[in-house]
Every structure is written in structure tokens, then in C-alpha cells.
Amino acid sequence: MKTATLPSLRVEPELREAAESVLAEGESLSGFIEASVREGIERRRVRAEFIARGLAARDEARTSGDYVDADQVLDKLQRKLDAARALKASGK
């Protein structure tokens, strides 16, 4: 497979020094940058998929009418939290 290059990037000397200061033993700056780009791409993909699932769920709930009001969910979570705190405070 033929490789390609990413555009060169001009940065402040302090940013380069900061990047070099966190390199693992035997890791190159190029390797660090490549890993960072890959992680950024994956993070953005995961975020986009999460948003798409949320929007689809919202649309399905609107269509079906099967949803729970946010205040009800928050109230239930608060009751669970209060119960857990009470249990912890009682030493059980």
C-alpha cells in the first residue's frame, strides 16, 4: 500500500517542546502526531455516531409517543442517590 503524508504544521516552539516532553521511551514525534490524529478521528466518529443515535431515539420517541419526561428521570435518579447516601451514612 502506498503511503501519503499529512500537511506540515508550523507551531510555536513551546508546543513542540511540550509534545516532545511527553513522548514515551522510543516514541518519535511523528509517531506521537500520527497516534494523536488517529485518536482524534476516532473520537469524532464516536461522537457523531452517539449524536446520530440520540437523534434517532428522539425521533422514534416522538413518533411512538413512548418516552419519559426528563424531570421524571431526574427525580428517580435523585431518589436513588438519596437512598444510596442514606445507606452509606447508616454504615451498611
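**Close-ups of a three-helix model**

**View 1. Helix 3, end to end.** Helix 3 takes in residues 70–89, 20 residues in total, and its first and last C-alpha atoms sit 28 Å apart, close to the 28 Å expected at 1.5 Å a residue. Keep in mind that this is a predicted model.

**View 2. What happens at the two ends of helix 3.** At the start of helix 3, Asp-69 points a side-chain oxygen to within 3.1 Å of the backbone nitrogen of Asp-71. Just after helix 3 comes Gly-91, with a positive phi of about 80 degrees.

**View 3. A nonpolar patch on the surface.** Leu-6, Ile-33, Val-37 and Ile-41 make up this one, and it covers about 340 Å². Zoom in on Val-37, which belongs to helix 2, the run of residues 29–64. Is Val-37 buried or exposed? Neither label fits: Val-37 counts as partly exposed because its relative accessibility is 33%, while buried means under 20% and exposed means over 50%.

**View 4. Pulling back to the whole chain.** Three helices and zero strands are what the secondary structure comes to, and along the sequence the pattern reads α-α-α. The protein is more spread out than a compact globule, because its radius of gyration is 24 Å, well over the 12 Å that the globule rule gives for 92 residues. The C-alpha trace spans about 55 × 45 × 30 Å along its principal axes.

**View 5. The surface and what lies under it.** Just 4% of the 92 residues count as buried. The protein exposes about 8,900 Å², and 56% of that comes from carbon and sulfur atoms.

Methods:
Residues are numbered from 1 along each chain as its sequence is written. This is a predicted model: local features need pLDDT of at least 70, side-chain atom pairs count only at pLDDT 80 or more; totals for chains, interfaces and linings use all residues. Side-chain values use heavy atoms; hydrogens and water are left out. Patches are made of residues with over 30% relative accessible area and no salt bridge: like charges are joined within 9 Å, nonpolar side chains (Val, Leu, Ile, Met, Phe, Trp, Tyr) within 5 Å. Accessible areas come from the Shrake-Rupley method with a 1.4 Å probe; for residues, only the protein chains shown count as cover. A salt bridge is a side-chain nitrogen of Lys or Arg within 4 Å of a carboxyl oxygen of Asp or Glu. Helices (H or I, at least four residues) and strands (E, at least two) are DSSP runs, numbered from the N terminus. Buried means under 20% relative accessible area, exposed over 50%, partly exposed in between (1.4 Å probe, protein chains only). The expected span of a helix is 1.5 Å times one less than its number of residues. A polar contact is a pair of N or O atoms within 3.5 Å; within protein, one must be able to donate a hydrogen and the other to accept it, and residues adjacent in sequence count only if both atoms are side-chain atoms. The radius of gyration is taken over C-alpha atoms; the globule rule is 2.2 Å times the number of residues to the power 0.38.
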